[in-house]
Amino acid sequence: MERLAERLGGAGASLTEAQRLSGGASMETWAFGVDGQGGRESLILRRRSAPFDAETARSVSLATEAALIQATGANGARAPKVRHVCDAADGLGEAYVMVRVGGETLGKRITSDPRFDAIRPRLARQCGEVLVPIHATQPPAGLNLKTVDANLELDRYEEVYRATGAERPILELAFQYLRRHTPPPVEPTLLHGDFRNGNIMFDPEIGVAAVLDWELAHIGDPAEDMGWICTNSWRFGRPDRPVGGFGAYEDLLAGYAAAGGRPIELSRVRFWQMLGSLRWGVMCLTMYLSWRDGLEKSVERPMIGRRVSETEADLVVLLEEGL
């Protein structure tokens, strides 16, 4: 890290206040400062701490993440500034450094903290607006992003579900319903892939400050990003506000259209919302089973795994309402 400090801040620069923020078995996120020739700079390091196979992984490499952040930022997206993509000389493995953006990512605070009362009514529209430059960005050549459509997603998660051997009637009904109501194909675009509370930095004064965590970026239906932030699991106790627990569908779609996005029907967003609840339910189920079978020791796995029942309740409501 000291070598990195000098590369960022010049000769004699020093690293200060390094603190690990989060990370699982394969990814680390660190906040740190550099005191250098230009003064003190607050930065974030994202580092992979386990082997990565681009062919089999759902996520992209950190070099690809950094390239997408730079490309979308140059196209007007609210993305953090990438300061440095690490190489062998840094001795950190696969990693990159970006400028730290102030604000809040915790969904419960966004939906209920009084600090956000004034800006909260504008957040859904802003989310629609910030998606437009992301979807309009042409990915840099050579990134080889995966392309995903509704049928591929259904196939993927049904395969995972069947492999568990579980029999959950609501999940079964949801797979059947979504296969009968798959929307017609549209021209695919670059997607953030995990656009939701937790991955968006909100400032109580300006609203959306930056879109973070690009590891699931891919090519697909632009309504997928919209449907994911509308999934009830990311509303944090405010089911009456479908967009992230803070806004309405109409505001999300209006913001997207006003910023120049091509028209998207609400039924298409709700399809991806339902698929979002279904795939999150399948993921929760697999997390529980990995703990039950002794493959994972962390208590986080069963705690998340119990949420499969929440997604089933969401799916019952969505199935009754229809698209």
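In this predicted model, phenylalanine 246 reaches a broad set of partners that lie beyond its neighbours up to four places away in sequence: Ile110, Arg120, Leu123, Ala124, Cys127, Asn197, Phe202, Ile229 and Arg241. Phenylalanine 246 also belongs to the largest nonpolar core, which has 72 residues. Within that core, the members that touch the most others are Cys127, Phe195, Phe202, Met226, Ile229, Phe246 and Leu278. Three of these names, Cys127, Phe202 and Ile229, will already be familiar from the contacts of phenylalanine 246. Helix 9, which covers residues 266-292, supplies the largest share of this core, with twelve residues. Another core, of 13 residues, lies apart from it, and Phe32, Val34, Leu45 and Ala95 are among its members.

Helix 9 is also a convenient place to look at helix packing. Two packed helices are described by the angle between their axes and the distance between the axes. For helix 6 (residues 169-180) and helix 9, the angle is about 145° and the axes are 10 Å apart. Their crossing is left-handed. On the helix 6 side, the residues that take part are Leu171, Ala174, Phe175, Tyr177 and Leu178, and they meet Phe271, Met274, Leu275, Leu278 and Val282 of helix 9. Sorted by class, this contact has ten nonpolar residues, with no polar and no charged ones. Leu278 thus appears twice in the picture, once in the meeting of the two helices and once among the core residues that touch the most other members.

Helix 9 is not the end of the story for residues 266-292, as a loop residue shows. Threonine 231 sits in the loop between helix 7 (222-230) and helix 8 (249-258). Its relative accessible area is 0%, so threonine 231 is buried. Beyond residues up to four places away in sequence, threonine 231 touches Gln273, Gly276 and Ser277.

The strands come next. Strand 2 (residues 27-36) has seven buried residues out of ten, and it is therefore largely enclosed by the rest of the structure. Strand 2 pairs with strand 3 (residues 39-48) in the antiparallel sense, over ten bridges, and a hairpin of two residues connects the two strands. Two of the bridge pairs help to trace this arrangement on the model: methionine 27 is partnered by arginine 48 of strand 3, and valine 34 by glutamate 41 of strand 3. Strand 3 pairs with strand 5 (residues 95-99) as well, again in the antiparallel sense, through five bridges. Here arginine 47 has alanine 95 of strand 5 as its bridge partner. Valine 34 and alanine 95, each seen in a bridge pair, are both listed in the core of 13 residues. In a regular strand the side chains alternate between the two faces of the sheet.

Two residues stand out by their backbone. Most residues other than glycine have a negative phi, and most peptide bonds are trans. Glutamate 17, although not a glycine, has a positive phi of about 55°. Glutamate 17 is placed in strand 1 (residues 14-22), and its relative accessible area of 62% means that it is exposed. Asparagine 144 likewise has a positive phi of about 55° without being a glycine. Asparagine 144 is found in the loop between helix 4 (120-135) and helix 5, where it counts as exposed because its relative accessible area is 72%.

Two further helix residues complete the survey. Threonine 64 is part of helix 2 (residues 62-74) and counts as buried because its relative accessibility is 10%, below the 20% cut-off. Setting aside neighbours within four places in sequence, threonine 64 is in contact with Leu143 and Leu145. Leucine 152 belongs to helix 5 (residues 150-164). With a relative accessible area of 46%, leucine 152 is partly exposed. The C-alpha atoms of leucine 152 and tyrosine 249 are separated by 25 Å, and the two residues are 97 residues apart along the chain.

Conventions
Residues numbered from 1 in each chain as written. Predicted model: local features only at pLDDT ≥ 70, side-chain atom pairs only at ≥ 80, totals over all residues. Heavy atoms only, no water. Buried < 20%, exposed > 50% of the residue type's maximum accessible area, 1.4 Å probe, protein only. Helix = DSSP H or I, 4+ residues; strand = E, 2+ residues; numbered from the N terminus. Pairing = 2+ DSSP bridges. Core = buried A, V, L, I, M, F, W, Y, C linked by side-chain atoms within 4.5 Å. Contact = heavy atoms within 4.5 Å. Axes fitted to C-alpha atoms, helices over the stretch in contact; angles between N-to-C directions. Left-handed = near helix turned anticlockwise from the far one by under 90°. Nonpolar A, V, L, I, M, F, W, Y, C, P; charged D, E, K, R; others polar.
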